[in-house]
Amino acid sequence: MASDLSKYRNIGIFAHVDAGKTTTTERILKLTGKIHKSGEVHDGESTMDFMDQEAERGITIQSAATTCEWKGHRLNVIDTPGHVDFTIEVYRSLKVLDGGIGVFCGSGGVEPQSETNWRYANDSEVSRLIYVNKLDRIGADFFRVVKQVEDVLAATPLVMVLPIGIEDEFTGVVDLLTRKAWIWKDDKSAEDYTIEEPPADMADAIEEWREKLIETAVEQDDDLMGKYLDGEEPSIEDLKRCIRKGTLQLDFFPTYCGSSFKNKGMQLVLDAVVDYLPDPTEVDPQPEVDLEGNETGKHAIVDIKGPLRALAFKIMDDRFGALTFVRIYSGELKKGDTILNTFTGKTERVGRMVEMHANDRNELDYAQAGDIIAIVGMKDVQTGHTLCDPKNPATLEPMVFPDPVISIAIAPKDKAAAEKMGIALGKMIKEDPSFRVETDEDSGETIMKGMGELHLDIKVDILKRTHNVDVIVGEPQVAYRETITKKIEDSYTHKKQSGGSGQFGRIDYIIEPGEPGSGYQFESSVTGGSVPREYWPAVDAGFKKMMGRGVLAGFPLLDVKVNLFDGAFHAVDSSAMAFEIAAMGAFRQTIPKAGPQLLEPIMKVDVFCPDDNVGDVIGDLNRRRGMIKSQDAGATGVRIKAEVPLSEMFGYIGSLRTMTSGRGQFSMEFLHYLPCPRNVSDEVIKQVKEREAAAKK
């Protein structure tokens, strides 16, 4: 049953928005015999983009995984999105890939998002080929893009083919290894080509680039290098072996060109996937960790005979039910097997396994190490969970997802929408780990939290379109907190003694600011039994209950320390309940006297911009109350690190793109809470009061 792993290639295709990676995937599927009529993205008909949002926006939001064959090798292809708010998709695809194809636009070149994706791929140590697409476009220039790869990505492109003609004149490519020209007769069919001698006027360029190619390749083998320096040219087999070795070590990236849309140049890229990208056994195995997340020193070696180790890297909901995309690292998986999810500690039975082809599927009975498959109907599995053999459990290094930084309130338009909304949001949370939903206790509003404004826009869109839920969307909100600034000693008595059993409790206490990051702390220094020990937890519980809602604007309180040092009780009328109520009254009485203060989330912001725009970007960050921490000049521009209040960062991507003509990019993550300036604090409190007044009406 088992297949030969050396014939497997798990590859991803990643690039900037509009570099043409979905069209490229389409062409790969067509050439490998998977689809008969290829769809066009610009007609909204591609096979891989099967969500409405994808066909309409012409962008790939969800990565889809597809299996196909080329020259006796099995390719698992993952199409990833290029848009900045979905880099989480790129990141999690890279985690399960062994190799990749970076697609660049022949006229657009290396764009900022390609830099981010390239950086992710470097971090994940994924071997890549480079494919310069759209050479039929006006303004296309293969050699300019090759130079940008060197300058902007600080990578070494190994040029394997040269284009014949450019823009409208682009007819094919010269393979530098064989010195043969591949010429396509027309734009309609990728299969209709001839291999012939290259145009005479290209002879010098071919020799020049071929020499560069050989010089770079033979550096991988000292013997060959010695022979080459003595004038002996290496065989094509030897060269291919060296190119493969250098590609696997990320020393260089074999570089191809073509036009996916015009069906030219794709075969050579597919041959290169087989010749130069790693099979599953040639990639560093995944480290295993224990339940606390510490590395155990063991690895999930890619081996069919090993214990089952698989990683769920994507959950998708489609018309057939919930699909869990899984990369199997070691062992085998059969239909009907029971597997353990180490995150939840629960076992589940594998009912149906399928191999995906865009949004069609083939049923499977068996899958093995190296496979990427989908399991139908898993209950509690989420992205990043490890599935393994219950008799031999282990956890693979999980994926790390950043916390959301922006939230919007949504409300269903009517009762029918309310029921559907809950179910739809449940499915969406499973699909996207960077998306969270919670309910605001006071207003009862549903709050969606995500990685950026576009991220949440798309979520609202999916609610409306995919799940037919009509919602009303509020303004983006910041998560503020409150604290106190003064130490206050105070006393509070709760008594209700009018017939029947009474209630009595008196507490004497000190409330003071705690250390930053300490949260809420309670201690009791009562001696001599003035408040019996069994009532201390009730006092603690009373204060703790109140910490969720501060006195300024109702935000949770941070960093407050309470010390109970004295009090009084009544032998009959005192109870735990009476002391809890006393603590709640004490909170209301004392916190307003303790100098309450509003805190705001400060974000660690990392901006990347071209040299020419540094002044504008820094000036703009200063206007946003930002503190510039550092600026480092790189090969491709300047990285500015700053700390900026989240409230000032709304709409930032728009401003940054305007200032840098679309070349700037940024990422931000939560750093800590700091006190708000007075004017900001007053404005926030005023808005909260207005919202509450409006809600009461």
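Buried means under 20% relative accessible area. I start there because Tyr 480, at 8% relative accessibility, counts as buried by that cut-off. One caution before going on: this is a predicted model.

Tyr 480 belongs to a ring pair. Its partner is Phe 555, with the ring centres 5.6 Å apart and the planes at 55°, so the pair is tilted. Where do the two residues sit? Tyr 480 is in the loop between β28 (471–477) and β29 (481–483), and Phe 555 is in the loop between α12 and β33. They are 75 residues apart, so to speak of a link between distant parts of the chain is fair. Phe 555 also counts as buried, at 15% relative accessibility.

The count of aromatic pairs comes to 11. Another of them joins Phe 143 and Trp 209, whose ring centres are 5.4 Å apart; their planes are at 35°, so this pair is tilted. Phe 143 lies in helix α5 (residues 142–152) and Trp 209 in helix α6 (residues 203–218), so the pair ties together parts that are 66 residues apart in sequence. Are these two residues buried or partly exposed? Phe 143 is partly exposed, with a relative accessible area of 37%, while Trp 209 is buried at 16%.

Trp 209 has a charge over its ring as well: the charged end of Lys 212 sits 3.8 Å from the ring centre. Something similar occurs at Trp 118, where the charged end of Arg 128 sits over the ring, 4.2 Å from its centre. Trp 118 is also part of a cluster, linked by ring pairs with Phe 104 and Phe 253.

Now the sheet. It is open, has four strands in the order β30-β31-β33-β32, and its pairing is mixed. Which strands are at the edges? They are β30 (488–496) and β32 (520–524), each of which pairs on one side only. On average, neighbouring strands are turned by 25° against each other, direction ignored. Strands β30 and β31 (residues 503–513) are antiparallel and share nine bridges; in β31, Gly 505 is the bridge partner of His 494.

Two helices pack on this sheet. Helix α12 (residues 536–546) touches β31, β32 and β33 (560–568), and its direction makes about 155° with that of β32. Helix α13 (residues 576–590) touches β30, β31 and β33, at about 40° to the direction of β31.

Last, Tyr 228, in helix α7 (residues 222–229). Tyr 228 counts as buried, at 18% relative accessibility. Beyond its neighbours within four places in sequence, its contacts include Glu 211, Ile 214 and Pro 234.

Technical notes: Residues are numbered from 1 along each chain as its sequence is written. This is a predicted model: local features need pLDDT of at least 70, side-chain atom pairs count only at pLDDT 80 or more; totals for chains, interfaces and linings use all residues. Side-chain values use heavy atoms; hydrogens and water are left out. Buried means under 20% relative accessible area, exposed over 50%, partly exposed in between (1.4 Å probe, protein chains only). Contact means heavy atoms within 4.5 Å. Two strands pair if DSSP finds at least two bridges between them. Axes are lines fitted to C-alpha atoms, for helices over the stretch in contact, and angles run from 0 to 180 degrees between N-to-C directions. Rings of Phe, Tyr and Trp (its six-membered ring) pair if their centres lie within 6.5 Å; planes under 30 degrees apart count as stacked, over 60 as edge-to-face and the rest as tilted. A charge sits over a ring if NZ of Lys or CZ of Arg is within 6 Å of the ring centre and within 35 degrees of the ring normal.
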